[in-house]
Each structure stands twice: as C-alpha cells, then as structure tokens.
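Here are my notebook entries from an afternoon of looking things up. Pull up a chair and follow along in the viewer.

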Protein chains: 10
Amino acid sequence: MLFHVRMDITLPYDLDPNRRAELVAAEKDRALELQKLGVWPHLWRVVGQYSNISVFDVPSNDELHAVLSSLPLWEFMRVEVTPLAQHPCDLAAQP
Amino acid sequence: MLFHVRMDITLPYDLDPNRRAELVAAEKDRALELQKLGVWPHLWRVVGQYSNISVFDVPSNDELHAVLSSLPLWEFMRVEVTPLAQHPCDLAAQP
Amino acid sequence: MLFHVRMDITLPYDLDPNRRAELVAAEKDRALELQKLGVWPHLWRVVGQYSNISVFDVPSNDELHAVLSSLPLWEFMRVEVTPLAQHPCDLAAQP
Amino acid sequence: MLFHVRMDITLPYDLDPNRRAELVAAEKDRALELQKLGVWPHLWRVVGQYSNISVFDVPSNDELHAVLSSLPLWEFMRVEVTPLAQHPCDLAAQP
Amino acid sequence: MLFHVRMDITLPYDLDPNRRAELVAAEKDRALELQKLGVWPHLWRVVGQYSNISVFDVPSNDELHAVLSSLPLWEFMRVEVTPLAQHPCDLAAQP
Amino acid sequence: MLFHVRMDITLPYDLDPNRRAELVAAEKDRALELQKLGVWPHLWRVVGQYSNISVFDVPSNDELHAVLSSLPLWEFMRVEVTPLAQHPCDLAAQP
Amino acid sequence: MLFHVRMDITLPYDLDPNRRAELVAAEKDRALELQKLGVWPHLWRVVGQYSNISVFDVPSNDELHAVLSSLPLWEFMRVEVTPLAQHPCDLAAQP
Amino acid sequence: MLFHVRMDITLPYDLDPNRRAELVAAEKDRALELQKLGVWPHLWRVVGQYSNISVFDVPSNDELHAVLSSLPLWEFMRVEVTPLAQHPCDLAAQP
Amino acid sequence: MLFHVRMDITLPYDLDPNRRAELVAAEKDRALELQKLGVWPHLWRVVGQYSNISVFDVPSNDELHAVLSSLPLWEFMRVEVTPLAQHPCDLAAQP
Amino acid sequence: MLFHVRMDITLPYDLDPNRRAELVAAEKDRALELQKLGVWPHLWRVVGQYSNISVFDVPSNDELHAVLSSLPLWEFMRVEVTPLAQHPCDLAAQP
C-alpha cells in the first residue's frame with residue numbers, strides 16, 4: 001500500500017555539530033536500510049529545500065507510523081502523509 | 001530530469017455529459033501514451049480527491065510545460081510543479 | 001485500518017430541487033449501507049456546517065477511494081483524508 | 001455531548017530528558033484515566049505526526065476546557081475543538 | 001452553554017430580487033424570534049462586511065445545529081462555531 | 001462603541017515561574033478593574049486554548065489601543081480587533 | 001476617528017455593460033461626495049489590482065458601516081477594516 | 001525602476017471561442033509592443049500554469065498601473081506586484 | 001511616488017532592557033526625522049498590535065529600501081510594501 | 001534552463017557579530033562568482049525585506065540544488081523554486 005510522504009527538516013542552527021553529524025549519518029543508514037527492505041521505494045530531494053518527497057510501501061497505517069517515527073531525525077521533521085491509490089489511467093492498471 | 005506534479009481537476013457540474021465523457025477518454029489516451037513514452041513514469045490517485053500525484057521525466061522545463069498543456073483536461077486543472085533532485089540518501093546514489 | 005475523513009458538501013443553489021432530493025436520499029441510503037457493512041463506523045455532523053467528520057475502516061487505500069468515490073454526492077464534496085494509527089495511550093492498546 | 005479535538009504536541013528539543021519523560025508518563029496516566037471515565041471515548045494517532053485526533057464526551061463546554069487544560073502536556077499543545085452533532089444519516093439515529 | 005458563531009453571507013448577485021427580499025425578511029423574523037427565546041443573546045454586524053458575530057446560548061451541540069440550520073439564509077452562509085467557557089478573570093466568576 | 005477582540009497568549013515555557021505568576025495575577029487584577037469600569041463587558045475563554053474572545057466598549061480607537069496595551073500580558077499576546085456595529089436584526093434595534 | 005479600509009472589487013465578467021457603466025459612475029459620484037464631506041480623506045489605487053486602500057474618518061463604527069454599505073459597488077466588494085490609532089512616533093503627536 | 005509582476009489568467013471555460021481568440025491575440029500584440037518599448041524586459045511562463053512571471057521597467061507606480069490595466073486580458077487576471085531594488089551583491093552594482 | 005507600508009515589530013521578550021530602550025528611542029528619532037523630510041507622510045498605529053500602517057513618499061524603489069533598512073528596528077520588523085497609484089475617483093485627480 | 005528563485009534570509013538576532021559578518025561576506029563572494037559564471041543571471045532585492053528574487057540558469061535540477069545548497073547563508077534561508085519556460089508572447093520567441 002503506497003503513501004506519499006513529504007518531510008521538511010529543521011535543525012536548530014546552534015545544535016552541537018557532533019550531535020548533528022551523528023544524527024545525519026544515522027538518518028542515512030536508516031534510510032538506506034528501509035530502501036533495501038522495499039519499504040521506502042522512492043526518495044527525492046526537493047530542489048532548494050532541506051526536504052524530501054518520498055513514497056512508502058507498507059502493509060498498514062500503523063506500520064507507516066512505526067517506520068516514520070523510527071527515523072533518527074524524526075524529532076526535527078514536519079511530516080505530511082497522503083494516501084495513494086491506483087490511478088485508472090495508470091498503464092500498469094490496464095487490462 | 002524529474003519533476004513532481006500534482007494535478008487537481010474541477011469539472012463544472014453542468015458540463016455537457018458527452019463533452020465530459022470525451023474529455024475524460026481523451027485524457028486517458030494521452031496519459032497512457034505519455035507513460036509508454038517514458039515521460040510520465042509515476043501516476044497515482046490521491047485518495048478521496050479528483051487529483052493525482054505524478055512524476056514526470058523530461059529533458060527541460062519547456063518540454064514539461066508542453067506536455068502538461070497538451071493534456072485534454074488542461075483547462076480544468078490546477079497544476080503544481082516541484083523540481084526534484086537526487087537525494088544523497090537514495091540507495092541508487094550510493095557509490 | 002482506520003482513516004479520518006472530513007467531507008464538505010457544496011450543492012449549487014440553483015440545482016434542480018428534484019435532482020437535489022434524489023441525490024440527498026441516495027446519499028443517505030449509501031451511507032446507511034456502508035455503516036451496516038462496518039466500513040463507516042463513525043459519522044458525525046460538524047455543527048453549523050454542511051459537513052461531516054467520519055472514520056472509515058477499510059483494508060486498503062484503494063478500497064477507501066472506491067468507497068468514497070461511490071458516494072452519490074461525490075461530485076459535490078471536498079474530501080480530506082487523514083490516516084490513523086493506534087495511539088500508545090489508547091486504553092485498548094494497553095497490555 | 002461530543003467534541004472533535006485535535007492536539008498537536010511540540011516539545012522543545014532541548015527540554016530536560018527527565019522532565020520530558022515525566023511529562024509523557026503523566027500524560028499517559030491522565031489519558032488512561034479519562035478513557036476509563038468515559039470522557040475520552042476515541043483517541044487516535046495521526047500517522048507521521050506527534051498529534052492525535054480524539055473525541056471527547058462531556059456534559060458542557062466548561063467541562064471540556066477543564067479536562068483539556070488538566071492534561072500534563074497542555075502547555076505544549078496546540079488544540080483545536082470542533083463541536084459535533086448527530087448526523088441525520090447516522091445509523092444509530094434512524095427510527 | 002455559550003457558543004461564538006460567525007456567519008458570512010453570500011447572496012448570488014443575480015438572485016431574483018423578490019426571492020432575495022423574502023429570504024432577508026424571513027431571516028430577520030427568525031432572528032428576532034430566537035432572540036426573544038433567549039437562544040441568541042448577542043448579534044453584532046461586522047463593520048464593512050455582510051457578516052455577523054453572534055453568541056448563542058443552547059443546551060447542546062445538537063440544539064445549536066438545529067437552530068443554525070433553521071435559518072432562512074442557511075444555504076447562503078459560511079458558519080464558524082467556537083465553543084466558549086467561563087473565563088477565570090470574568091467578573092461574574094469571582095467568589 | 002463596541003469592538004470584538006480576540007487575544008491569544010503565548011508564555012515562553014521557560015519563563016521564570018515567579019515572573020509568570022506575577023504576570024498572570026496582574027492580568028487578572030487589570031481585567032477585573034476594566035470590567036468594573038464597563039470597558040470590557042464580555043470576556044470568554046476559547047475552549048481548548050489559552051485565548052479569550054472579548055467585547056470592549058470604548059469611546060474611540062485610541063482609547064481601545066491604550067486599554068489593550070496596558071494589559072500586563074500585552075507583550076505575550078497576539079491581538080486581533082474587529083469593529084462591531086449594530087445589526088439590523090438586533091432585537092434592541094427594533095422600533 | 002480613523003479606519004484603514006481595503007476594498008477589492010470583483011465585477012462578474014458577463015455583467016450587462018450598461019449596468020456596469022452605471023454602477024461605476026455612481027460609485028465615482030458617491031466617492032467624490034464622501035471625500036468632499038471629509039469622511040474619506042485618503043483613497044489610493046493598489047497598483048495592478050481592481051482594489052483601493054483608503055482611510056475613512058468617521059465618528060463611530062456604526063457610521064463607518066453605514067457609509068461603506070451605501071457604496072454603489074458594495075455588493076461586489078470584499079472589504080477589510082482595520083482601526084487606526086495615533087502612533088507615538090507621529091510628528092503631529094509630539095508635544 | 002523595476003517591478004516583479006506575476007499574472008495568473010483565468011478565462012471562463014464557456015467564454016465564446018471567438019471572443020477568447022480575439023482576446024489572446026490582442027494580448028500577444030500588446031505584450032510584444034510593450035517589450036519593444038522596453039517597458040516589459042522579462043516575460044516567462046510558469047511551468048504548468050496559465051501564468052507568467054515578468055519584470056517591468058517603468059518610471060513610476062502610476063505608469064505601471066496604466067500599463068497593466070491596458071492589457072486586453074486585464075479583466076481575467078490576478079496580478080501581484082513586488083517592487084525591486086538593486087541588490088548589494090548584484091555584479092552590476094560593484095564599484 | 002507613494003508606497004503603502006505595514007511594519008510588524010517583534011522584540012524578543014528577553015532582549016536586554018537597556019538595548020530595547022535604546023532601539024525604541026532611536027527608532028522614534030529616525031521616524032520623526034523622516035517625517036520632517038516629507039519621506040514618511042503618514043504613520044498610524046494598528047489598534048491592538050505592535051504594528052504600524054504607513055505611507056512613504058520616495059522618488060524610487062531603491063530609495064524606499066534604503067530608508068526602510070535604515071530604521072533602527074529594521075532587524076526586528078516584518079515589512080510589507082504595496083505600491084500605490086492615483087485613484088481615478090480621488091478628488092484631487094479630478095479635472 | 002531558467003528557474004525563478006526567491007530566498008528569504010533570517011539571521012538569529014543574537015548570532016555572533018563576527019560570524020554574521022563572515023557569512024554575509026562569503027555570501028557576497030559566492031554570489032558574485034556565480035554571476036560571473038552565468039549561473040545566476042538576475043538578482044534583485046525585494047524592497048523592504050531581507051529577501052531576493054533571482055533567476056538561475058542551470059543545465060539541470062540537480063545542478064540547481066547543488067548551487068543553492070553551496071551558498072554560505074543556505075542554513076538561514078527559506079528558498080522557493082519555480083521552473084520557468086519560454087513564454088509564447090516573449091519577443092525573443094517570435095519567428
């Protein structure tokens with residue numbers, strides 16, 4: 001089941017640089033892990049913003065919340081979730 | 001080059017039913033054609049809305065506008081375009 | 001799987017009264033049917049507005065879109081969907 | 001009398017961790033207590049956000065404000081209240 | 001129980017003048033009636049707008065919706081309801 | 001002359017508790033004083049928010065600004081002022 | 001007593017041209033009359049918009065509403081009123 | 001003197017096609033004329049929208065309003081004007 | 001050339017009181033100076049807000065930016081500029 | 001390929017003055033360098049705001065993000081990107 005997710009990150013400018021580096025590295029590790037698992041099939045950078053637009057593939061709403069709230073930068077994100085359905089004009093949906 | 005596109009369709013409720021059916025059928029044909037050409041790699045329905053979230057893959061801004069304004073429902077759409085870049089945590093971007 | 005749905009209805013003031021009555025009656029029939037099926041467990045009127053706040057229980061995003069777009073007043077609704085997860089403070093979630 | 005309530009929590013990132021843990025634990029205790037009393041019949045997590053959507057059942061506006069402002073996280077919440085009425089299509093409202 | 005209500009009226013400019021006059025007269029009659037009943041204790045014009053800010057005194061949310069939706073201009077109103085509670089600094093609330 | 005005033009209070013969470021208590025007590029004293037003077041005829045709590053909706057009765061705009069900016073919590077308020085006029089459907093305005 | 005008023009005019013594009021010309025001419029006559037009376041001391045065009053920003057000088061809120069609702073284009077305006085007070089840095093306010 | 005101008009065009013879908021074609025052709029003629037005069041140095045299409053982002057070079061605010069309101073599509077535009085100044089980092093502004 | 005300017009001031013609540021007093025005094029001096037020079041012909045307080053609505057009279061956009069950014073409170077202001085033109089109904093514009 | 005970019009800068013008021021001066025100087029150096037390279041053909045100050053409106057000319061979305069995120073003030077900017085296409089009324093686009 002697919003969900004469109006936009007994440008906007010705001011790190012406090014006076015965050016300890018080591019803490020920041022750790023968080024960003026941990027976020028990358030977790031993102032790669034979730035991609036390898038097939039849970040996070042699309043991840044794009046929004047040009048000009050510390051934001052991403054993503055698509056998640058999860059079996060349930062509960063699973064999606066568990067995944068998102070497991071992200072190391074979770075505390076510094078504004079997240080917006082939009083449920084997606086198959087579009088009747090999707091090539092893959094044609095008989 | 002990838003662009004995130006959201007389209008919200010509003011058809012006047014008193015539009016002639018034949019005109020409506022023609023427009024919707026033509027839109028579907030054009031959407032399938034653009035998908036086959038690889039220009040419109042992702043097309044999802046937004047749950048609960050007469051809207052889609054899409055990703056387009058085009059060589060330029062001019063090309064994207066030409067494609068979007070060629071859609072049969074163009075006149076009845078509100079379109080929002082967001083340029084996408086490769087994300088540093090994208091699995092495909094890793095060395 | 002639960003989804004929070006808000007529907008705001010706008011019927012054109014000059015809609016044919018018979019057409020209006022038919023639509024409203026059909027909407028009611030469909031709403032009752034979906035409640036009996038367990039798909040639409042909560043349905044409340046927003047005080048002072050021609051709107052409702054509802055909770056739907058469906059197995060997937062696709063199913064939710066199919067249900068919503070089957071509503072007789074679908075064409076006259078603005079619908080906003082918010083996916084819900086179990087809350088860690090929910091009494092029913094306690095061990 | 002039912003009220004739809006949305007709560008968005010924002011805890012300062014540099015809040016003392018002990019203070020934070022105490023607040024969150026106290027909030028959970030109070031939430032469970034209010035659910036047992038029947039005052040807070042529905043409590044859901046908004047997917048991807050440190051927010052909940054709830055329904056409260058209270059005899060009056062004054063009582064609702066007293067309950068909400070008694071929550072341990074009250075100071076860190078943005079709360080939005082929407083009064084609910086019985087919907088004419090509610091199955092339970094049919095004769 | 002008090003509720004703050006704001007009503008913004010929009011009458012179509014090409015509404016039949018007789019229909020308009022009837023609606024406005026009926027609205028006035030109903031408003032006076034509800035004031036006499038004590039249900040609508042405050043009614044003010046917003047300067048420069050075809051809007052009012054009002055306070056209603058009703059025993060329940062259901063009653064409030066019944067009253068508002070009984071207004072002759074109901075179909076042409078945008079209504080926003082805000083529940084009110086006694087303020088701790090209200091002179092009438094002092095011991 | 002009546003004005004509708006909405007005040008939203010935001011006190012910094014790390015404000016010194018004594019300073020906070022002093023400010024809140026001073027605010028209450030001033031609010032009671034202004035009510036006794038007839039300047040602040042209505043004061044209601046917005047349910048679920050650290051906000052009030054009020055009506056002020058003052059001879060002029062200058063007087064209203066002087067009164068509002070004399071409030072001890074002035075520095076921590078967002079204030080929105082809406083001028084009110086007599087409504088033609090007001091019972092008290094009937095001949 | 002001064003009030004800042006912004007008026008945004010929207011005339012339906014298919015309004016009868018004679019009706020339009022009459023309305024615009026009547027609006028101008030009324031605007032000139034109110035300026036001569038000293039009620040409308042400032043009237044500026046917002047560049048690029050069918051809008052004006054004005055200052056009115058009236059003895060009361062009721063008078064302001066009476067003046068604004070007497071404008072021939074009243075039905076086609078969105079009006080926003082902001083009460084003004086003397087500024088402590090105003091040269092004319094210095095001792 | 002430079003001004004940033006964004007124009008969003010909305011033509012009624014049921015506008016007479018001949019009238020539409022005339023308006024669009026006249027708009028193009030006027031736009032070309034103003035560019036030749038040096039008044040409209042930049043004109044870009046916003047991708048995916050019936051909108052443009054432009055820069056105008058005019059001697060005064062009055063002149064800008066005269067130019068904008070002379071456009072054949074003026075009645076169907078929403079226009080937003082932002083005054084521009086030389087930027088201290090502009091290469092052309094360096095000594 | 002006239003410009004409508006709205007300034008909203010936000011001083012950090014924990015700003016050093018001496019620094020605050022100096023800034024506010026310097027702002028007043030500069031405001032009086034600019035009024036004497038005829039650059040700032042109108043300056044009004046927005047009732048209930050730490051904001052002003054002003055009209056500036058300057059020969060160019062560059063001059064306006066220079067004037068505004070010279071204000072001692074510049075760093076603490078949100079400024080919104082709207083270019084003004086002579087209104088065709090302005091009494092002073094009549095032949 | 002052209003992109004419209006608006007940057008709004010917010011520097012914390014208590015940023016170390018030396019750090020601030022360094023950042024602003026480095027930003028200017030980088031801006032001049034990018035202009036010399038032809039990447040940043042237009043750069044204007046928004047009157048009354050610590051903001052600029054710019055046009056970038058880059059071969060791809062990825063390149064644009066790389067350029068923007070290389071700016072020394074990147075961390076303190078809110079950036080909004082709008083893709084531009086050639087306008088059919090652009091003088092340079094005429095045959």
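A helix, as I use the word here, is a DSSP run of H or I that covers at least four residues, and helices are numbered from the N terminus. With that in hand I could place Gln35(J), which sits in helix α1 of chain J, residues 17–36. I should say early that this is a predicted model.

**Entry: Gln35(J)**

Is Gln35(J) buried or exposed? I found a relative accessibility of 11% and, because buried means under 20%, Gln35(J) counts as buried. I then listed the contacts of Gln35(J), leaving aside neighbours within four places in sequence. In its own chain there are Trp40(J) and Leu43(J), and from chain H come Cys89(H), Asp90(H) and Leu91(H).

**Entry: chains H and J**

That list made me curious about how the two chains are related. I noted that chain H superposes on chain J by a rotation of 180 degrees with 0.0 Å of shift along the axis, at an RMSD of 0.0 Å. The same surface serves both copies, as 100% of the contact residues of chain H recur in chain J. Which residue of chain H comes closest to the rotation axis? I got His42(H), with its C-alpha at 5.3 Å.

I also checked two other pairs that involve chain H. Chain C and chain H share no contact, and their closest C-alpha atoms are 17 Å apart. Chain F and chain H have no contact either, with 26 Å between their closest C-alpha atoms.

**Entry: chains A and B**

Next I tried chain B on chain A. A turn of 180 degrees and a shift of 0.0 Å along the axis lay one on the other with an RMSD of 0.0 Å. The two copies are thus related as by a two-fold rotation axis. I saw that 100% of the contact residues of chain B recur in chain A, so the same surface serves both copies. In chain B the residue closest to the axis is His42(B), at 5.3 Å for the C-alpha.

**Entry: chain A by itself**

How many helices and strands does chain A have? I counted two helices and four strands, and along the sequence they follow the pattern β-α-β-β-α-β. The C-alpha atoms of chain A fill a box of roughly 55 × 25 × 20 Å along the principal axes. Chain A has 95 residues, and 53% of them are buried. Among its contacts with a separation of 6 or more, 64% join residues 24 or more positions apart.

**Entry: Asn52(G)**

I moved on to strand β3 of chain G, residues 51–57, where Asn52(G) has its place. Asn52(G) counts as buried, at 5% relative accessibility. Its side chain makes a polar contact of 2.8 Å with the side chain of Ser54(G). Not counting residues up to four places away in sequence, Asn52(G) touches eight others by name: Val5(G), Arg6(G), Met7(G), Leu43(G), Trp44(G), Arg45(G), Val46(G) and His87(I).

**Entry: Ser70(B)**

I found Ser70(B) in the loop between α2 (61–69) and β4 (77–86) of chain B. At 30% relative accessibility, Ser70(B) counts as partly exposed. A polar atom of its side chain lies 2.6 Å from the backbone oxygen of Val67(B). Ser70(B) is 43 residues from Glu27(B) in sequence, with 9.6 Å between their C-alpha atoms.

**Entry: Val24(I)**

Val24(I) belongs to helix α1 of chain I, residues 17–36, and is partly exposed at a relative accessible area of 35%. Beyond four places in sequence, Val24(I) touches Leu11(I) and Tyr50(I). I also looked up Leu73(I), 49 residues away along the chain, and got a C-alpha separation of 7.4 Å from Val24(I).

**Entry: the second largest pocket**

I closed with the second largest pocket, which holds about 900 Å³ of space. It is lined by 34 residues, and the closest to its centre are Ile9(C), Gln49(C), Tyr50(C), Ser51(C) and Trp74(E). Which element gives the most to the lining? I found α1(C), with six residues. Among the elements that supply at least two residues each are β1 (2–9) of chain C and β4 (77–86) of chain E. I sorted the lining by type and got 19 nonpolar, seven polar and eight charged residues.

Definitions and conventions. Residues are numbered from 1 along each chain as its sequence is written. Chains are lettered from A and ligands numbered from 1 in the order in which they are written. This is a predicted model: local features need pLDDT of at least 70, side-chain atom pairs count only at pLDDT 80 or more; totals for chains, interfaces and linings use all residues. Side-chain values use heavy atoms; hydrogens and water are left out. On a 1 Å grid over the protein atoms alone, a cavity is a set of points where a 1.4 Å probe fits but cannot get out, and a pocket is an open set with protein on both sides within 12 Å along at least five of seven lines; lining residues have an atom within 4 Å of a point. Grid points are joined across faces, edges and corners, and a volume is the space filled by probe spheres set on the points. Ala, Val, Leu, Ile, Met, Phe, Trp, Tyr, Cys and Pro count as nonpolar, Asp, Glu, Lys and Arg as charged, and the others, Gly among them, as polar. Copies are superposed by least squares on the C-alpha atoms of residues with pLDDT of at least 70 in both. Contact means heavy atoms within 4.5 Å. Buried means under 20% relative accessible area, exposed over 50%, partly exposed in between (1.4 Å probe, protein chains only). A polar contact is a pair of N or O atoms within 3.5 Å; within protein, one must be able to donate a hydrogen and the other to accept it, and residues adjacent in sequence count only if both atoms are side-chain atoms.
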